[in-house]
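Open the model in your viewer and set it to a cartoon view, with side chains ready to switch on. The stops below say what to select and what is there.

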Amino acid sequence: MWMMKLVVFTMLVALGAAAAKVATKAATEKKVVKNASVAKKLSDKATTLADRSANLAFNLYQTMAKDKNIENILISPVVVASSLGLVSLAGKSNTASQAKAVLSADKLSDDHVHVGLAELLDHVSNSTARNVTWKIGNRLYGPSSINFADDFVKDSKKHYNYEHSKINFRDKRSALKSINEWASQTTDGKLPEVTKDVEKTDGALIVNAMFFKPHWDEKFHEQMVDNRGFMVTRSFTVGVPMMHRTGLYGYYDDEGEKLQIVEMPLAHKLSSMIFIMPHQVESLDRVEKLLTREHVKTWLGKLTVRAVAISLPKVILEVSHDLQKHLADLGLTEAVDKNKADLSRISGKKDLYLANVFHAAALEWDTPGNPFDGDLYSREELRNPKLFYVDHPFIFLIKDSKTDSILFIGRLVKPKGDKMRDEL
């Protein structure tokens, strides 16, 4: 406890000294934020798909959380939704309708789905307007013998910004190298690898490659970073750099469920990052049973803005998932079955099935953000902050402020780092 108070005190001193230097810059930044926050109204089609993709976020997360082979989770539900939109665009009959049903959009017209998803993805992934880094690459790979239909290529680029490529797995090493190099180039080297192997090589592959770096509404001080322990379990700890700051954030302590919830706005306040962390180090199974859209909405409704001293791992989370099995568990059974799939809109022939859905992303937690308001640190509100010390597994969401769609959802169980000790 004394160490955390020392960190907070040191930070306040440093911030106070820097206040005079940043005051002018902060005023300019506020003006930029105000102008950037004025955005056009989204259509009913887009808002409907935002709602459906938010449901998908929790359904897919819960399915993945049951897989005991998965440690860290990182998925972008709006990007997964666009992949489902692509499958419905490529498919006919039950193959197409299942893709829409997984998105809870089976009663919507095809036009509603495709136009709505295109508008939603364009809205939430506008890095310039949001002042965040979000690089997205989407590619559909087909066998070397395929001839992509012109209409499918045009429509999939128009609605979902998909690229198309033929790939020959007779030389598997070269094929894998090609996929991983494309992902690395798409993300400026932040995501060096999507997969080490592809077991099913006789069908189509969907590959999503992403890099996301939040730009905080108020930055962490780059000098307030030190090495700390992250307790993966009570008997296994890894060393990670930890960044610290004190500010006014939405905070709720659910004493009954023994959880802390903190919401940190990102730059321009068009989205925010939500952290859900148990009081003590424990398996996240208990917390994940509580993770429903309704429960999260209740928690967010109980947030109060108050002083919080935050210590957050300064790490990059790199995760690649093959979602084929998990989407099948949610009802996408025909597209992934080579004997039943009808993806004939891709080439005009009923000879393809969805062999893999690689969803790979890198998320970087770092210090940069908007200049802080120096006047804040002399105010009464900053005294006696709540401590939010993120040194054990947690769940996180990145939520769009306008549509409530979930840009990312995931968990950090085991960050990269060297083992520190065997037991407490």
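Select Asp 322 and Phe 358 together: Asp 322 stands opposite Phe 358, which belongs to strand E11. The model is a predicted one. Now extend the selection to the two strands, E10 and E11; they run antiparallel and are joined by seven bridges.

Keep E11 and add strand E4. E4 covers residues 204–213 and E11 covers residues 354–364; the two run parallel, with nine bridges between them. Two places help to fix the register. Leu 205 has Asn 356 of E11 as its bridge partner, and Phe 211 stands opposite Ala 362 of E11.

How many residues of E11 are buried? Eleven of the eleven are, so E11 is largely enclosed by the rest of the structure.

Next, show the whole sheet. It is open and has five strands, in the order E3-E2-E4-E11-E10, with mixed pairing. At its edges are strand E3 (162–167) and strand E10 (316–322), each of which pairs on one side only. From one strand to the next, the twist averages 15 degrees.

Select helix H7, residues 150–160, which packs on this sheet. H7 touches strand E2 (133–143) and E3, and its direction makes about 135 degrees with that of E3.

Colour H7 by burial. Phe 152, Ser 156, His 159 and Tyr 160 are buried. These four cover an arc of only 80 degrees around the axis, which puts them on the same side of H7. An α-helix has 3.6 residues a turn, so residues three or four places apart point the same way. On the other side of H7 are Asp 150, Asp 151, Lys 154 and Lys 158, which are exposed.

What covers the buried residues of H7? The cover includes helix H3 (77–90) and helix H5 (110–124), along with E2 and E3. Step just past the end of H7 to Asn 161, where phi is positive, at about 55 degrees.

Two further positions with positive phi are worth a stop. Select His 268 in the loop between strand E7 (259–265) and E8. Its phi is near 70 degrees, a positive value in a residue other than glycine. Is His 268 buried or exposed? With a relative accessibility of 5%, His 268 counts as buried, since the cut-off for buried is under 20%.

Then go to Asp 404, in the loop between strand E13 (394–400) and strand E14 (406–412). Asp 404 is not a glycine either, yet has a positive phi of about 65 degrees. Asp 404 has 40% relative accessibility and therefore counts as partly exposed.

Turn to the aromatic side chains. Select Phe 275 and Phe 388, both of which are buried. The structure holds nine aromatic pairs. Phe 275 and Phe 388 form a tilted one, with 6.3 Å centre to centre and 55 degrees between the planes. Phe 275 lies in strand E8 (residues 271–278) and Phe 388 in strand E12 (residues 386–389), so the pair ties together parts that are 113 residues apart in sequence. Add Trp 365, Phe 394 and Phe 396 to the selection: ring pairs link these residues with Phe 275 and Phe 388 into a cluster.

For the last local stop, select Glu 288 in helix H9, residues 285–289. Glu 288 has 3% relative accessibility and so counts as buried. Which residues does Glu 288 touch, not counting those up to four places away in sequence? They are Tyr 61, Gln 62, Ala 65, Ile 395 and Arg 411.

Finally, clear the selection and view the protein as a whole. There are eleven helices and 15 strands. Of the 424 residues, 55% count as buried. Among contacts between residues at least 6 apart in sequence, 78% join residues at least 24 apart. With the surface switched on, the protein exposes about 18900 Å², of which carbon and sulfur atoms supply 48%.

Methods: Residues are numbered from 1 along each chain as its sequence is written. Side-chain values use heavy atoms; hydrogens and water are left out. Two strands pair if DSSP finds at least two bridges between them. Axes are lines fitted to C-alpha atoms, for helices over the stretch in contact, and angles run from 0 to 180 degrees between N-to-C directions. Contact means heavy atoms within 4.5 Å. Buried means under 20% relative accessible area, exposed over 50%, partly exposed in between (1.4 Å probe, protein chains only). Accessible areas come from the Shrake-Rupley method with a 1.4 Å probe; for residues, only the protein chains shown count as cover. Rings of Phe, Tyr and Trp (its six-membered ring) pair if their centres lie within 6.5 Å; planes under 30 degrees apart count as stacked, over 60 as edge-to-face and the rest as tilted. The arc is that of the directions from the helix axis to the C-beta atoms.
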